[in-house]
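Q: Please take a close look at a single part of this model, the last helix in the chain, and describe it residue by residue where possible. I should also like to see how that part fits into its surroundings.

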Amino acid sequence: MQRHTGLSGIILLVGSSLLCAQQPPAAAPQTPVQLADATPKGQLKNPYADGDAASVAAGERLYMSYGCNGCHGGTGGGGICPPLTNDVWVYGGDDDTLFRLVAYGSQALQDKGYSRVGQEEVVAPMPPMGTVVKTADELWHILTWVRSNYHGAAECKFGCKN
Ligand code: HEC
């Protein structure tokens, strides 16, 4: 009896140490909404440079695959929706604002206190895409492509300071 208890004790020990050795599952990548919610206003910063051809190409593929082109046109120059290529930025042209606009959509963005500061020819709400675009990383790639495609005045690339 004594021996039996000892043996099961050892088995238990080995078993639990095996359990402890297991790594926790890798955290799922953040969705755009999760990243926006977790980051204080003004602090979202695109980790990719728009001179990085591979990031730009990946961003363009994602832009097309998520149907952004259905509204903004295949080159981002506008269609039934505002162009993404000019120097008019509806809520501001900084990384933080663009990321939040795409993630939350116009309505939720306005509910968070943002208002239209620029006027495009088309005034309509942007749908929330922050649960459609799967990861924050994908959205950064898309915005990198948008940056690379900018055709407006150089000083207004990230929004005009006036
Ligand atoms: C159903 C149409 C529609 C789709 C799909 C759409 N957008 Fe938009 N988008 C809009 C509208 C309308 C606005 C202007 C929002 C406003 O005035 O509140 C806008 C604004 C923007 C802006 C800011 C433009 C500016 O000049 O300030 C960006 C950037 C943008 N969209 C990116 C995207 C991306 C990236 C996607 C795909 C993930 C996407 N949009 C999908 C309709 C759309």
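A: The answer below begins with the overall fold, then follows one helix through its contacts and ends with the parts that lie outside it.

The model is predicted, and the description should be read with that in mind. The protein contains 6 helices and 0 strands, and along the sequence these elements give the pattern α-α-α-α-α-α. The chain has 162 residues, of which 25% count as buried. Among contacts with a separation of 6 or more, 77% join residues that are 24 or more positions apart.

The helix in question is helix 6, which spans residues 136–148 and supplies at least two residues of the shell around the ligand. Helix 6 packs against helix 3, residues 53–65, at an angle of about 105°, and the two axes are 7 Å apart. Helix 3 and helix 6 are therefore roughly perpendicular to each other, since an angle from 65 to 115 degrees is counted in that way. On the helix 6 side, the contact is made by Glu138, His141, Ile142, Thr144, Trp145 and Ser148. Their counterparts in helix 3 are Ser55, Val56, Ala58, Gly59, Glu60, Leu62 and Tyr63. By residue class, this contact of helix 3 with helix 6 comprises 6 nonpolar, 5 polar and 2 charged residues.

Glu138 deserves separate attention. This residue lies in helix 6 and is buried, because 20 other C-beta atoms lie within 10 Å, and 20 or more is what burial requires. Leaving aside residues up to four places away in sequence, Glu138 touches Leu62 and Val133. Leu62 is also among the helix 3 residues that meet helix 6. Glu138 and Ser55, although separated by 83 residues in sequence, have C-alpha atoms 9.7 Å apart in space.

Asp137 also lies in helix 6. Asp137 has 16 C-beta neighbours inside 10 Å and so counts as partly exposed. Its C-alpha atom is 8.1 Å from that of Gln30, with the two positions 107 residues apart in sequence.

Helix 6 also takes part in the protein interior. The largest nonpolar core has 23 residues, and those with the most contacts inside it are Ala36, Phe99, Val102, Ala103, Leu139, Ile142 and Leu143. Two or more residues of this core come from each of helix 2 (32–38), helix 3, helix 5 and helix 6. Ile142 thus appears both in this core and in the contact with helix 3. Val102 touches Leu139, and also Pro32, Met129 and Gly130, when residues up to four places away in sequence are not counted.

The ligand gives a further setting for helix 6. Helix 4 (68–72) and helix 5 (95–111), like helix 6, each supply at least two residues of the shell. The shell consists of 28 residues, of which Cys68, Cys71, Val90, Ser106 and Met126 come nearest to the ligand. By class, the shell holds 22 nonpolar, 4 polar and 2 charged residues.

Two glycines in loops complete the picture. Gly93 is in the loop between helix 4 and helix 5, and it counts as buried because it has 21 C-beta neighbours inside 10 Å. Apart from residues up to four places away in sequence, Gly93 touches Leu98, Cys156, Lys157, Phe158 and Gly159. The C-alpha atoms of Gly93 and Phe158 are 4.3 Å apart, while the two residues are 65 apart in sequence. Gly42 is placed in the loop between helix 2 and helix 3; with 11 C-beta neighbours inside 10 Å, Gly42 counts as exposed. Gly42 and Asp94 are 52 residues apart in sequence and 8.5 Å apart in space, C-alpha to C-alpha.

Conventions. Residues are numbered from 1 along each chain as its sequence is written. This is a predicted model: local features need pLDDT of at least 70, side-chain atom pairs count only at pLDDT 80 or more; totals for chains, interfaces and linings use all residues. A residue is near a molecule or strand if its C-beta atom, placed from the backbone, lies within 6 Å of it. Helices (H or I, at least four residues) and strands (E, at least two) are DSSP runs, numbered from the N terminus. Ala, Val, Leu, Ile, Met, Phe, Trp, Tyr, Cys and Pro count as nonpolar, Asp, Glu, Lys and Arg as charged, and the others, Gly among them, as polar. A residue is buried if 20 or more other C-beta atoms lie within 10 Å of its own, exposed if 12 or fewer, and partly exposed in between; C-beta atoms are placed from the backbone. Two residues are in contact if their C-beta atoms, placed from the backbone, lie within 7 Å. Axes are lines fitted to C-alpha atoms, for helices over the stretch in contact, and angles run from 0 to 180 degrees between N-to-C directions. Angles under 35 degrees count as roughly parallel, over 145 as roughly antiparallel, 65 to 115 as roughly perpendicular and the rest as oblique. A nonpolar core is a set of buried Ala, Val, Leu, Ile, Met, Phe, Trp, Tyr and Cys residues joined through C-beta atoms within 7 Å.
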